[in-house]
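Dear colleague,

Please find the structure below for your review. A short account of what was found in it follows.

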Amino acid sequence: MPAPKEPAVDAAGPLLSPVNSHNEWDPLEEIIVGRLDGATIPSDHPVVGCNIPPWAARLQGLAAGFRYPRRLIEPAQHELDEFVALLQSLGITVRRPDAVDHRQRFSTPDWSSRGFCNTCPRDSMLVIGDEIIETPMAWPCRYFETHSYRAILKDYFRRGARWTAAPRPQLTDALFETDFRIPEAGEPMRYILTEFEPVFDAADFVRAGRDLFVTRSNVTNRMGIEWLRRHLGPGYRIHEIESRCRTPMHIDTTFLPLSPGKVLVNPEYIDIDRLPDVLSSWDILIAPEPDPVGEPLLKITSMCGKWLNMNILMIDEKRMIAERHHTGMLRALEKWGFEPIPGDLLHYAPFGGSFHCATLDIRRRGTLESYVD
């Protein structure tokens, strides 16, 4: 039987793109939420284990390629379902990737790997205005992760969105420092990535209209930042945020703009006196210490450290979804004039994060503006 024909792209007239998102706070209309189906413990590789203690990396390596246990999946799935229902109750359109068997092995001429999961669309795709950029991620197990989103991407493209893929990296040994170790406090910062080729995760960037902020990390190198700077051109500015984190990976537990002129910062990782000068007129909101997580299994298996209380999803300039468990953050947000909506996603941490990580905002009602000096 012949394969069904794909719908033709109608280029007869201008299309109104379904993709439109310039910042972290304009009113949210459409979003992609990740999936837990088929989640697999990632294949052993130095870049996968570099941010965790050596004993944890060894355990992860021994379990690589196996499904995550049900005692981790089931509570996370329950919370994820409730999160999707909450978004829909707020009138937000929710799209989901295809379910994938991440245990399938794949290869390039240089290496082979199994997959990981598609829980965090924020990592593999970056939305800038009406454009979606597939990012060149440094983890081999995530090489084909955006394939699970291809049906959605093709739909957006046919309806007028711009769709770009950054250069697909080779991920050979030349990209990784062979003698990497986590630097001790007081030592110069070290990164596992060389400048062999451009790599970056989208989650190392946050957007404030014409200005983007980025942290260099163990998944984002200088060459990756420069690729995006040149790709976006003179209409945008990219500012690097210095992080004191010894195991940097993703900016959204370090520095997160919440509304025009207000940014939430991690006091452990950020020296506010060293923030870029363009933020001189902004209110710097210091994140409160996270509430302790009592479940030992979550402490052991979380990939994200303790600062997930900052992993907030803005619904508009006032409202946001924030973790119910972190009562200190909820009180702080109210004190700052916001209207937090408590939600539950605490058990998502072993799979990559919380509300901001688990989503990719596709359409926010707003236009491209500049918000910094």
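A disulfide is a pair of cysteine sulfur atoms within 2.5 Å. By that definition, this predicted model holds zero disulfides. The sulfur of Cys-50 lies 11 Å from the closest cysteine sulfur, that of Cys-245, which is too far for a bond. Cys-120 is likewise in no disulfide, and the nearest cysteine sulfur, in Cys-357, is 5.3 Å away. Cys-50 is buried, at a relative accessible area of 7%, and Cys-120 is buried at 2%. Here, buried means under 20% relative accessible area, exposed over 50%, and partly exposed in between, with a 1.4 Å probe and protein chains only.

On the conventions used, residues are numbered from 1 along each chain as its sequence is written. Local features need pLDDT of at least 70, side-chain atom pairs count only at pLDDT 80 or more, totals for chains, interfaces and linings use all residues, and side-chain values use heavy atoms, with hydrogens and water left out.

The largest nonpolar core (buried Ala, Val, Leu, Ile, Met, Phe, Trp, Tyr and Cys residues joined through side-chain atoms within 4.5 Å) has 44 residues, of which Phe-83 and Leu-87 touch the most other members. Strand E1 (28-33), helix H1 (46-49) and helix H3 (70-89) each supply at least two residues of this core, and H3 gives the most, with seven. Helices (H or I, at least four residues) and strands (E, at least two) are DSSP runs, numbered from the N terminus. A second, separate core of 33 residues includes Val-206, Ile-251, Leu-256 and Met-314.

Kind regards
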